[in-house]
Amino acid sequence: MAKADERGITPQSEDFSAWYNELVLRAELADRGPVRGTMVIRPYGYRIWELVQSALDQKIKETGHENAYFPLFIPESHLKREAEHIEGFSPELAIVTHAGGRDLDEPIVVRPTSETVIGEMFSKWISSYRDLPLLINQWANVVRWELRPRLFLRTTEFLWQEGHTAHADETDAIAELDIATRFYEEISRDFAALPVVIGDKTASERFAGAQRTVSLETLVRDGRAIQSSTTHYLGTNFSRAFDITYTSQEGAVEYCHTTSWGMSTRMIGTIIMTHGDDRGLILPPRLAPHQVVIVPIGRDADLDRVLGESRELEAQLRDAGVRARVDDRDQLSPGFKFNYWELRGVPIRIEIGPRDLAAGVATVVDRLTGEKETIALRGLAQSMPERLEHFQQALYRRAASFRDDHTSVVDSKEELLAAVMTGAALALHCGDPLCEASIKESSGASARCIPRDGADETGSCAFCGAPSAYGRRVLFARAY
RNA sequence: CGGGCUGUAGCGCAGCUUGGUUAGCGCGCUUGACUGGGGGUCAAGAGGUCGCGGGUUCAAAUCCCGCCAGCCCGACCA
C-alpha cells in the first residue's frame, strides 16, 4: 500500500484503493469489525445512510409499498427450493449448525437475501386476485461471505432495503420493475448526485433465479463501474418454488409473478468514489450530515464576538432548513478545521473572523471548486438553500462529464480492450455468454448492462465479429 | 483458493541482516503558557504481554518451526 503523506491521504492517481480505504477510515465513516469483512458504520457514515434511507423510504411508501420485517434465519431447505437461487448463493452463505448448546437437526442459513422466507409467507397470505398486488419492503441486514471484502462496497454483513412484490401477471410485475427503477434513479440523481446508466443485465450477469435484472450503474473515478442498485423480475420461478398462487376472477388457480429490488450501504461507497478528490470526500448537499460548517476565527474579546455571530448565523441557517454547525472547538487552529471538514466533504464552509465582522461579511468557501467569496452576513442564511442546490447540481454535472469523458463507443476488439482500461465501452455484442467470458478473461471487464436509452443499432460483435444481439450497444467496464 | 506484503504504544513506522542489559521516532493524547484567516510553538507528562505457541541460546522484537489475523492484486461476487 502506498504511504500517505503525514497529514493528507494517498492521492487517487497514485493508488486509488489506498485513497479509498484511508478516506473511509480517516473521515470516520466506518471502521473494520473484529470479524473479517465486517464493518462498523460510525456516526458520520451512518447519518449519510439515514439520509438515504429517509429519502428512499418516503418514495417506497408513496408508491403504495408497506414496510415489514422478516426473520434473519432461513431453513436451509427453503433456500434449496429454487435451484438457480441456491446455486448462485451457496458459496457465500453463513450457516448456523449449532445453537442452544447442541447441533441442529437442520442447518439454518443467515439470510443472504430474503426471497425465500418472504416467498414462504406470501404463499400463506395470497389466495385471491383481490390480494394482489402485494407490495412489501423490508429494511434489514444480510450476510454474504464474500471472498474479497471492501468497506461499504462489499462487506460480509451489510444493510439494505429489499422490496418484494407479487403480481397477477407479467405486465403488472414489469410495471412494478419500472416503479422501483424510477425511484432508484431519483435517489441516485437527485440525492446522491450520481449519473447512472440503466439497463438490463445480460443473462450471465443476472440475479440468481431472475428472468430479468435491471441495474443502475455508476462510473467511479478510477474508471470502474459499480452497480449501485438493482431490480429483478423473477417471473414465476419463486412462486412455483413456494407455491405462491391465487385464484383469478375467472376461478382459475394461477402463479403469481414476483419482483425484488434492493439498494444497500454500497451506495455510500459509490458516492465516495464518484465525488471524492485528493482532499477527501465531497458530499452531495442533500445527503450531507452537515451542509454548512461555520469556522469562527479569533481570540479573546474577538472570539466572543465572532462566536456570538457564528451562533446567530447557525440559528438563521437552521431556520432556513440548512443542516449547519459551528465548529467551536477552541483548541484547534482554523487551518486544521479547514482540512478537517474538507476531508469530511462538507459542501460549504463559512469563515467568520474579526476582519469579516468589521465589514459585516463572511467568507464562504465551496468544497467543490475551492473558491472563496466574501458575502454580506445579512441575507446569507436565506440564500444558502439556493447555493446548496447549485452545489448539488454542479456536483452532478461534474460526475456526468466524467462519465461521458470516460465512456467510449467502440467497434473493434482492440478499441474495446483499450477503452475498458480507463473507463467504460459501448459495444455491439453477440450475446454469447462464452464471448462475454472471454472479454472478461482478456480485460477484466464485464457486461454491466444493456443501456435502455441506447439507440437502435445492429452490426457485428466488437469482440468476436458474430452478428450482434439486443439491437443496441452493451456497456462494458471493469467493475466493483 | 493462488500470488505479494504486514503484524512492535491509539495511528503510522524504525529497529531484525550481524541476538546483548533502560525497545525508539513521528503524529495523536494529558497539563500549562503563548498562539489563531490553510494542518501553530515551546515545556512537562502518560502510554508497550514487540500477533500467538513452541524451540535454539547464558541471553530473543531480532534466529528456527508451527499457528493465527489483517491488507493489496487475482479468482469469486444479487
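Around RNA strand B lie 45 residues, and Arg 144, Arg 148, Phe 207, Arg 279 and Asp 356 come nearest; a residue is near if one of its heavy atoms lies within 4 Å. Of the strand's atoms that come within 4 Å of the protein, sugar and phosphate make up 44%. This is a predicted model, in which local features need pLDDT of at least 70 and side-chain atom pairs pLDDT 80 or more, while totals for chains, interfaces and linings use all residues. Residues are numbered from 1 along each chain, chains are lettered from A and ligands numbered from 1 in written order, and side-chain values use heavy atoms, without hydrogens and water.

The table gives polar contacts to RNA strand B (pairs of N or O atoms within 3.5 Å).

| Residue | Protein atom | Strand atom | Distance |
|---|---|---|---|
| Phe 207 | backbone N or O | sugar or linking oxygen | 2.7 Å |
| His 232 | polar side-chain atom | sugar or linking oxygen | 3.3 Å |
| Arg 299 | side-chain N or O | phosphate oxygen | 2.4 Å |

The largest share of the surface near the strand, seven residues, belongs to α10, a helix (a DSSP run of H or I, at least four residues).

The largest pocket holds about 1300 Å³ of space. A pocket is an open set of points on a 1 Å grid where a 1.4 Å probe fits, with protein on both sides within 12 Å along at least five of seven lines; lining residues have an atom within 4 Å of a point. Because domain 1 (16–275) and domain 3 (407–478) both give residues to its lining, the largest pocket lies between them.

The second largest pocket holds about 390 Å³, and α10 gives the largest share of its lining, six residues.

Notes: A polar contact is a pair of N or O atoms within 3.5 Å; within protein, one must be able to donate a hydrogen and the other to accept it, and residues adjacent in sequence count only if both atoms are side-chain atoms. Helices (H or I, at least four residues) and strands (E, at least two) are DSSP runs, numbered from the N terminus. Grid points are joined across faces, edges and corners, and a volume is the space filled by probe spheres set on the points. Domain bounds come from an automatic or database domain assignment.
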